[in-house]
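Biologist: Please pick a single part of this model and take me through it up close. After that, follow the thread outwards to whatever surrounds it.

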Amino acid sequence: MFGNTYTGKKVIITGHTGFKGSWLSTWLISLGADVVGISKDIPTSPSMFNELGIEEKLTHYTADICNLGLIKKIIDKEQPDFLFHLAAQALVSVSYDNPTETILTNVVGTMNVLEGMRNIKKKCQIILITSDKCYDNVEWLWGYRESDNLGGRDIYSGSKGAAELIIKSYISSFFKNKESNSSVGICRAGNVIGGGDWAKDRIVVDCMRSWSKGDSVEVRSPDATRPWQHVLEPLSGYLALGMALSKGNNLHGEAFNFGPRSMKNYKVSELLMDLSKYWEFKNKGEVFTVVDRIPFHEAGLLKLNCDKALFHLNWEANLGYEDTIKFTSEWYYKYYRKNVNMYDLTLKQISEYEKTAQERNLAWTA
């Protein structure tokens, strides 16, 4: 997989205790990487990081990315071959409650990671993950391209757009000169679902918490549409970009969208009904209840155009909508209702994902 790019290589992941960070850590460990994680805390309870016992399988640092001195010290000590920057304040609702923390973490934190990598002594590939929310969303029907305007109406979107500007300026100022040993790639993705997410104000998480207790889930916006994708989809893109950067600098400084291959968007209500099929509801009316409480602005539609990733990385999404639903609901169902080893189950889903990609002859499976 990935041309054995990560086998035996030291890989730093910031935000490794989060949902996407836990999946990425598990996948990289299975690929034979020496994983080093940096996070300020365990962000949720329960957490995928704890449930899978990931701390025992990597080098774990407790550090806030807003602490520049500590971040530089860790990077200088570890001297990574790759760095994946996922650490962020990732919730729109929290950005309204605490805009200062959101901006500090997403903007200054990103700057600190880049500053820490600026004088690294060895060749390293830096993959920075922002969000689809970095785009100035005018809710048009076609997907946003990497060259479209950045920005947003809410603090979270603004922080991601601002982080992108910081990244661009750092690349131009420091990472494109002869003294730099690093290559930088930027990744944008959104609407990610999958087992192991327990963050608040996320529709799938709310469902699983409620359904595990036999309760109906409360829904704010049942008609909102999203191009849902399983967490392994963008992660395969991040890893493919890291592989491409390690082979040459022709993509150095480029940004890439990673999204689902299906052109069809699904309403929240459709997603819930499909997920509920795995939970043995006798009455469909028990699946969700619509409540009239939207305390902050939520975009009705935001989708990405991923042609650039297809052209330059030969990357495309692997799973159809049905498999995305199956992977997600089965993970949670077995967690709440079955006594199984969740690390083994997660590895099994990664293996199934890889097998499906091999059958489709996707480029990164070589």
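**A close look at helix 9**

Modeller: Let's start with what's hidden: Val268, Ser269, Leu271, Leu272, Asp274, Leu275 and Ser276 of helix 9 are buried (under 20% relative accessible area, with over 50% being exposed and anything in between partly exposed, using a 1.4 Å probe on protein chains only). That's seven of the nine residues in helix 9, so this helix is mostly covered. Helix and strand numbers here follow DSSP runs from the N terminus (H or I over at least four residues for a helix, E over at least two for a strand).

Before going on, bear in mind that this is a predicted model, where local features need pLDDT of at least 70 and side-chain atom pairs count only at pLDDT 80 or more, while totals for chains, interfaces and linings use all residues. Residues are numbered from 1 along each chain as its sequence is written, and side-chain values use heavy atoms, leaving out hydrogens and water.

So what does the covering of helix 9? The elements over its buried residues include strand 7 (192-193), helix 7, strand 8 (217-219), strand 12 (266-267), strand 13 (288-290) and helix 11 (321-337).

Take helix 7 from that list. The axes of helix 7 (residues 203-212) and helix 9 (residues 268-276) come within 11 Å and cross at roughly 40 degrees. That angle makes helix 7 oblique to helix 9 (under 35 degrees is roughly parallel, over 145 roughly antiparallel, 65 to 115 roughly perpendicular, and the rest oblique). The axes are lines fitted to C-alpha atoms, for helices over the stretch in contact, with angles from 0 to 180 degrees between N-to-C directions. The crossing is right-handed, meaning that the near helix is turned clockwise from the far one by less than a right angle, whereas an anticlockwise turn would be left-handed.

Which side chains meet there? Helix 7 brings Ile203, Val204, Cys207, Met208 and Trp211, and helix 9 answers with Val268, Leu271, Leu272, Leu275 and Ser276 (contact is heavy atoms within 4.5 Å). By class, that contact has nine nonpolar residues, one polar and no charged ones (Ala, Val, Leu, Ile, Met, Phe, Trp, Tyr, Cys and Pro are nonpolar; Asp, Glu, Lys and Arg are charged; the others, Gly among them, are polar). As background, an α-helix has 3.6 residues a turn, so residues three or four places apart point the same way.

Strand 7 is another part of the cover over helix 9, and Asn191 sits in the loop between strand 6 (182-188) and strand 7. Asn191 has a positive phi of about 55 degrees, although it isn't a glycine, and it counts as buried at a relative accessible area of 13%. A positive phi turns up at Asn361 too, near 60 degrees, in the segment after helix 12. Asn361, though, is exposed, with a relative accessible area of 67%.

Follow the thread to His230 in strand 10 (residues 229-230). His230 is buried, with 0% relative accessible area. Beyond its neighbours within four places in sequence, His230 touches Trp23, Val192, Ile193, Gly194, Leu319, Thr324, Phe327, Thr328 and Gln349.

Trp23 from that list leads to another helix pair. Helix 1 (residues 19-30) and helix 8 (residues 232-246) pack at about 55 degrees with their axes 10 Å apart. That makes helix 1 oblique to helix 8, and their crossing is right-handed. Helix 1 contributes Lys20, Trp23, Leu24, Trp27 and Leu28, facing Leu232, Leu235, Ser236, Tyr238 and Leu239 of helix 8. Those residues divide into eight nonpolar, one polar and one charged.

Leu319, also in contact with His230, points on to Ala357: the two are 38 residues apart in sequence and 8.4 Å apart in space, C-alpha to C-alpha. Ala357 belongs to helix 12 (residues 342-359) and is buried at 0% relative accessibility.

Now zoom out. The chain has 12 helices and 13 strands. Its radius of gyration is 20 Å, close to the 21 Å that the globule rule gives for 366 residues, so it is as compact as a globular protein of that length (the radius is taken over C-alpha atoms, and the rule is 2.2 Å times the number of residues to the power 0.38). Of those 366 residues, 57% count as buried.
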